[in-house]
Amino acid sequence: MNWYIQLVTTYPIGSAMLQFAVLGTFGEIIARWVAKKKIYYPFSSNATIWKMISWSILAVCIKYAFVGTEGFVDALVYHQPNSLLPLAFKESIFLNAFAKSVCMNLQFGLFLVILHRILDNMFLFNKNWSNLDSAMLTLIWFWIPAHTITFILPQIYQIGLAALWSLVMGVILGSFVAKPPKRIRVKKREAFANF
């Protein structure tokens with residue numbers, strides 16, 4: 001583990017880019033495996049390179065978002081000395097991490113979802129904005145809880161876990177795609193009977 005700590009300490013941005021390029025891209029590959037229920041390589045070499053570049057760009061934004069959110073929440077909490085609410089956020093590691101996760105995902109997260117889609121669209125040369133609302137909802141049900149855990153960890157491990165969460169998210173999204181949508185069949189007479 002010492003080699004990892006040394007790498008992340010010496011090259012904070014480069015190591016973030018490397019971790020997200022590998023784990024984020026692998027998460028997208030796994031999503032395809034789960035969706036198609038078979039193991040294969042879903043991308044061309046050019047698409048793979050572009051996905052790794054995209055994840056690297058996102059990694060730089062994410063790295064700065066983590067650092068900035070720490071300062072943002074700490075400034076809000078520690079500059080309210082007479083309030084009971086900030087005191088709870090100072091003394092509870094969980095509440096402090098939860099506050100940071102909520103702030104980061106509801107402010108920066110929206111930007112990141114849109115930027116990720118823009119980067120994907122740049123390579124595909126099309127305008128695929130479908131399911132953007134579903135992607136934004138993941139900020140609530142997945143990323144806020146996931147990054148609460150991430151913010152509990154020491155800073156040196158946060159970006160590594162965040163990159164690992166992107167792989168987990170790929171598996172989850174792939175399982176959503178794999179499930180066929182439920183169709184409700186209603187007879188025409190029954191459908192019009194309620195009008």
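Buried residues, meaning those under 20% relative accessible area, make up 38% of the 195 residues in the protein. On the same scale exposed is over 50% and partly exposed lies in between, with a 1.4 Å probe and protein chains only. The model is predicted: local features need pLDDT of at least 70, side-chain atom pairs count only at pLDDT 80 or more, and totals for chains, interfaces and linings use all residues. Residues are numbered from 1 along each chain as its sequence is written, and side-chain values use heavy atoms, with hydrogens and water left out.

## Fold

The protein has 8 helices and 0 strands, and from the N terminus on its elements run α-α-α-α-α-α-α-α. Helices (H or I, at least four residues) and strands (E, at least two) are DSSP runs, numbered from the N terminus. Of the contacts with a separation of 6 or more, 70% are between residues 24 or more positions apart. A contact here is a pair with heavy atoms within 4.5 Å.

## Pocket and cavity

Open and closed spaces were sought on a 1 Å grid over the protein atoms alone. A cavity is a set of points where a 1.4 Å probe fits but cannot get out, and a pocket is an open set with protein on both sides within 12 Å along at least five of seven lines. Lining residues have an atom within 4 Å of a point. Grid points are joined across faces, edges and corners, and a volume is the space filled by probe spheres set on the points.

The largest pocket holds about 1500 Å³ of space. It is lined by 47 residues, and the closest to its centre are His116, Arg117, Asp120, Ala135 and Leu173. At least two lining residues come from each of α2 (12-36), α3 (45-78), α5 (93-124), α6 (132-152) and α7 (155-178). The most come from α5, with 12 residues. By type, the lining of the largest pocket has 26 nonpolar, 15 polar and 6 charged residues. In this division Ala, Val, Leu, Ile, Met, Phe, Trp, Tyr, Cys and Pro count as nonpolar, Asp, Glu, Lys and Arg as charged, and the others, Gly among them, as polar.

There is 1 cavity of 30 Å³ or more. The largest cavity has about 50 Å³ of space, and its lining consists of Lys63, Phe66, Val67, Glu70, Gln155, Gln158 and Ile159. The elements that give two or more residues to this lining are α3 and α7, and α3 gives the most, with 4 residues. The lining of the largest cavity divides into 3 nonpolar, 2 polar and 2 charged residues.

## Helix α6

With 21 residues, α6 reaches 29 Å from its first C-alpha to its last, close to the 30 Å expected at 1.5 Å a residue. The expected span is 1.5 Å times one less than the number of residues. The helix bends by about 45° at tryptophan 143, and proline 145 follows within four residues. The bend is the angle between axes fitted to the seven residues ending at a residue and the seven starting there. Buried residues of α6 include Leu139, Phe142, Trp143, Ala146, His147 and Thr150. An α-helix has 3.6 residues a turn, so residues three or four places apart point the same way.

## Single residues

The table lists relative accessibility for five residues.

| Residue | Place | Relative accessibility | Class |
|---|---|---|---|
| Tryptophan 33 | α2 | 23% | partly exposed |
| Alanine 35 | α2 | 23% | partly exposed |
| Lysine 37 | loop between α2 and α3 | 67% | exposed |
| Threonine 48 | α3 | 12% | buried |
| Asparagine 131 | loop between α5 and α6 | 55% | exposed |

Tryptophan 33 and serine 175 are 142 residues apart in sequence, yet 9.2 Å apart in space, C-alpha to C-alpha. Leaving aside neighbours within four places in sequence, tryptophan 33 is in contact with Phe26, Lys38, Ile39, Tyr40 and Pro42. Alanine 35 is 137 residues from isoleucine 172 in sequence and 9.8 Å from it in space, again C-alpha to C-alpha.

Threonine 48 touches Tyr41 and Phe43, not counting residues up to four places away in sequence.

Two loop residues have unusual backbone angles for their type. Lysine 37 has a phi near 60°, a positive value in a residue other than glycine. Asparagine 131, also not a glycine, has a positive phi of about 60°.
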